[in-house]
Structures are given as structure tokens and as C-alpha cells.
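Reader: I've got a new structure open and I'm not sure how to read it. Could you walk me through a few features?

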Amino acid sequence: MSAGCDREPAVVRAVLEGEWPAELSAHAATCADCREVTVVTAWMQDVARAARSEAAAARLPSPAAIWWKAEVLRRVEGRRELTHRAVRPIELFERATWGAVAALAGALGWLEADELGEWIAGSELAHALAGPDASLALAGVSVVLIVASAWAVASGGRKV
Ligand SMILES: [Zn+2]
């Protein structure tokens, strides 16, 4: 670089701010140093601008990547829904079966509570149950089973 012109700082400022006083513009047109400073400053400004926009672009994912990710998520969601729909009848059947088994056991217990009570009273369980209320306890268990079966059937349509 040559010794330069003492107007160079003003020329740099003019390039950066984009405002050229008429007198300075006239000087820069005739001064080789100031013309060079004008070109170099403008070039450096372009480089800085490009670097900034490149950094900004690097931070944002490309539209293609966003679309691709959304598409993958959509397909995964669709497949999950399909699987859920395919398995649903099996789940319903399973729940209905358990409901029927519980209802049957409950009804049997309710209807045969006395006989079961006597049978248990005659067995070793009698000591464990300790008392003549065995049939009452069985009736209670039956009620619990009936309620459980009703719950199983009713909730069969809701759960995932
Ligand atoms: Zn100059």
C-alpha cells in the first residue's frame, strides 16, 4: 500500500454508510488511492455480508430437510394408526373374553354360594375362613367379579 491519501478514512466511511458528499465523490473520482480504497472497502463489505447470510443459512435447516422430516413423521404416524386399527378387534375380543369369564365366575359364585360355602366349610379352608359367614364372603367375591366383568366390557372400547 502506498502512503495514501489523507481522505481515505472519509472514503471508507462513505462506502460503508452509502452516503457520498458531492465534494468527496468528486475527489475520489480523481484520486487513485481513494478509488482503490473504495473498491477494496466495497469488496470487504460484500464478503462480510455473504459470510453473515451463509451463517444464517447454516443455522436454518433447508426446506427440503423440513419437508422430508415431516413426511417421515406422517408415514410413521399413519403406520401406527394402521397397526392400532389391525390390533383393535383382538383387544376387544380379549377384553370380552375376560369379561365373560369374570361374569360367569361371578354368576356361578352368586348362584352356588351356599353349596360352595358348605363345601369350603367341610374342607381345610374352613379354618382359614373361620366362621359360618363363608357363603356371605363368597357372595361378596361374586359381586366384585360381576362388577369387574362389567368394567372390562365397558372399558373394552376405550383403551388403546
Ligand atoms: Zn484521495
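**Two neighbours in a helix, and a metal site**

Author: Sure! Let's start with V141, which sits in helix α7, residues 134-155. Keep in mind that this is a predicted model.

Reader: Is V141 buried, exposed or partly exposed?

Author: Go by the relative accessible area: between 20% and 50% is called partly exposed. V141 comes out at 45%, so it is partly exposed.

Reader: What about S142?

Author: S142 is in helix α7 too. Anything under 20% counts as buried, and S142 has 2% relative accessibility, so buried it is.

Reader: Which residues does S142 touch, leaving aside those up to four places away in sequence?

Author: Those are G106, G109 and W110. With W110 there's also a polar contact: the S142 side chain reaches the W110 backbone nitrogen at 3.1 Å. As for V141, its C-alpha is 7.5 Å from that of G106, although 35 residues separate the two in sequence.

Reader: Now the metal. Which atoms coordinate the zinc ion?

Author: Look for the donor atoms: SG of C5, NE2 of H27, SG of C31 and SG of C34, at 2.1 to 2.4 Å. Along the chain, their spacing reads C-x21-H-x3-C-x2-C. C5 lies in the segment before α1 and H27 in helix α2, 22 residues apart, so this pair links distant parts of the chain.

Reader: Why is the arrangement called tetrahedral?

Author: Check the angles: four donors qualify if all of them lie between 85 and 135 degrees. Here they run from 99 to 117 degrees, so the label fits. And C5 is buried, at 16% relative accessible area.

Notes. Residues are numbered from 1 along each chain as its sequence is written. This is a predicted model: local features need pLDDT of at least 70, side-chain atom pairs count only at pLDDT 80 or more; totals for chains, interfaces and linings use all residues. Side-chain values use heavy atoms; hydrogens and water are left out. Helices (H or I, at least four residues) and strands (E, at least two) are DSSP runs, numbered from the N terminus. Buried means under 20% relative accessible area, exposed over 50%, partly exposed in between (1.4 Å probe, protein chains only). A polar contact is a pair of N or O atoms within 3.5 Å; within protein, one must be able to donate a hydrogen and the other to accept it, and residues adjacent in sequence count only if both atoms are side-chain atoms. Contact means heavy atoms within 4.5 Å. Donors are N, O and S atoms within 2.8 Å of the metal (3.2 Å for Na, K and Ca); water is not among the atoms, so sites may look incomplete. Four donors count as tetrahedral if all angles lie between 85 and 135 degrees; four count as square planar and six as octahedral if opposite donors are over 155 degrees apart and all others between 65 and 115; anything else is irregular.
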